[in-house]
Amino acid sequence: YPAVLESYPFLKTLQESGLNQFEWYYILVYEKETLAGIAPCFSMSYPLETTMQGKLKDLVLAVKKFFPSFLNLKALICGLPMGVQGRVGITRRSQEVFSAVISGMERIARDHRIPIVAFKDFATEDLDLLDALQGRGFYKFKSLPSTEMRIDFKDFEDYLMKLDRPKRADLRRKFKKVDSQIRLDLEITHDLGDALEEAYALFCQTESRGETQFEKLPREFFSNI
């Protein structure tokens, strides 16, 4: 993967962070001795109530107190567990390589008795490749929306200058109010160090407040990343 977040170091971080609800697979496709494609996959027991809301979800969770595996389906998924972009790295003969990836996934699913095979959170530019799956018994549906922020500024002041005037004035006013009550220091670091527990506590607060919840990232993830 050239210059993307979902590269070897990121996949290695996931693999070594103790995300016990997942099992990891990597499909490599070769043309003779040349690597032509790679697809990261994971398997999990997917709880169907993940994207439910309201009383229906409450009912399902009540049943699961007595039957924990109720409405859980084992699935093999090409992509990544969290909401970042799924990718298949292909260097040549895209259709042939992609077909080989699908065959590899089907073989893994057959060997491990996994009934569901899926591709998760791929970008719209991959649709030409993925739409061919519908001829092989796959179904296409929209996932939850995702967002992307362009980090094209060198510091906070540069970021402010890229905003329109009302937003810039609003942010400055809010920061001035905060500064009058508490001192905020901005630091860029490559190691959380002593702040690891604080950072993890903030994640746990955020993770627990949403009605729709996904993977629970362990401390090791924040240390490794």
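Me: A nonpolar core is a set of buried Ala, Val, Leu, Ile, Met, Phe, Trp, Tyr and Cys residues joined through side-chain atoms within 4.5 Å. Buried means under 20% relative accessible area, exposed over 50%, and partly exposed in between (1.4 Å probe, protein chains only). How many residues does the largest nonpolar core have?
Reply: This is a predicted model, in which local features need pLDDT of at least 70 and side-chain atom pairs count only at pLDDT 80 or more, while totals for chains, interfaces and linings use all residues. Residues are numbered from 1 along each chain as its sequence is written, and side-chain values use heavy atoms, with hydrogens and water left out. Ile-27, Leu-76, Cys-78, Phe-98, Met-105 and Phe-119 have the most contacts inside the largest core, and its residue count is 23.

Me: Which element gives the largest share of this core?
Reply: Helices (H or I, at least four residues) and strands (E, at least two) are DSSP runs, numbered from the N terminus. Two or more core residues come from each of strand E1 (23-31), strand E2 (34-47), strand E3 (72-78), helix H3 (94-111) and helix H4 (127-130). The largest share, seven residues, belongs to H3.

Me: Which residues is Met-105 in contact with, leaving aside its neighbours within four places in sequence?
Reply: Contact means heavy atoms within 4.5 Å. Met-105 is one of the residues with the most contacts inside the largest core. With neighbours within four places set aside, its contacts are Ile-27, Cys-41, Leu-76, Ile-77, Cys-78, Val-117, Ala-118 and Phe-119.

Me: How many residues does the other core have?
Reply: This other core lies apart from the largest one. Leu-14, Leu-19, Leu-80 and Phe-203 are among its residues, which number 18.

Me: Within what arc do the buried residues of H2 fall, seen down the axis?
Reply: Helix H2 (residues 54-64) has Lys-57, Val-60 and Lys-64 as its buried residues. They line one face of the helix, because the arc, taken from the directions from the helix axis to the C-beta atoms, is 65°.

Me: Which elements do the buried residues of H2 pack against?
Reply: The face of H2 turned away from the buried side carries the exposed residues Lys-55, Asp-58 and Leu-59. The buried residues of the helix pack against E2 and E3.

Me: Glu-6 and Arg-87 meet in a salt bridge; how many residues apart are they?
Reply: A salt bridge is a side-chain nitrogen of Lys or Arg within 4 Å of a carboxyl oxygen of Asp or Glu, and the structure holds twelve. In this one the N to O distance is 2.5 Å. Glu-6 is in the segment before helix H1 (8-15) and Arg-87 in the loop between E3 and strand E4 (89-90), which puts their separation at 81 residues.

Me: Is Glu-6 buried or exposed?
Reply: Its partner Arg-87 has 24% relative accessibility and counts as partly exposed. Glu-6 has 6%, so Glu-6 counts as buried.

Me: Which residues are linked with Arg-93 in a network of salt bridges?
Reply: Arg-93 bridges to Glu-31, with the closest N and O atoms 3.4 Å apart. Arg-93 lies in the loop between E4 and H3 and Glu-31 in strand E1, so the pair ties together parts 62 residues apart in sequence. Arg-93 is exposed at 54%, while Glu-31 is partly exposed at 27%. The residues networked with Arg-93 are Glu-31 and Arg-92.

Me: Which helices do Glu-157 and Arg-172 lie in?
Reply: Their side chains meet in a salt bridge, 3.1 Å from N to O. The pair ties together parts 15 residues apart in sequence, because Glu-157 lies in helix H5 (residues 156-161) and Arg-172 in helix H6 (residues 165-179).

Me: What accessible area does the nonpolar patch on the surface have?
Reply: Patches are made of residues with over 30% relative accessible area and no salt bridge, with like charges joined within 9 Å and nonpolar side chains (Val, Leu, Ile, Met, Phe, Trp, Tyr) within 5 Å. Accessible areas come from the Shrake-Rupley method with a 1.4 Å probe, and for residues only the protein chains shown count as cover. Leu-48, Phe-66, Phe-67, Phe-70, Leu-71, Leu-73 and Ile-116 form this patch, with a combined area of about 640 Å².

Me: How far apart in space are Leu-71 and Val-60, C-alpha to C-alpha?
Reply: Leu-71 lies in the loop between H2 and E3 and is partly exposed at 31%. Tyr-46, Pro-47, Leu-48, Glu-49, Met-52 and Val-60 touch Leu-71, residues up to four places away in sequence not counted. Leu-71 and Val-60 are eleven residues apart in sequence, and their C-alpha to C-alpha distance is 8.2 Å.
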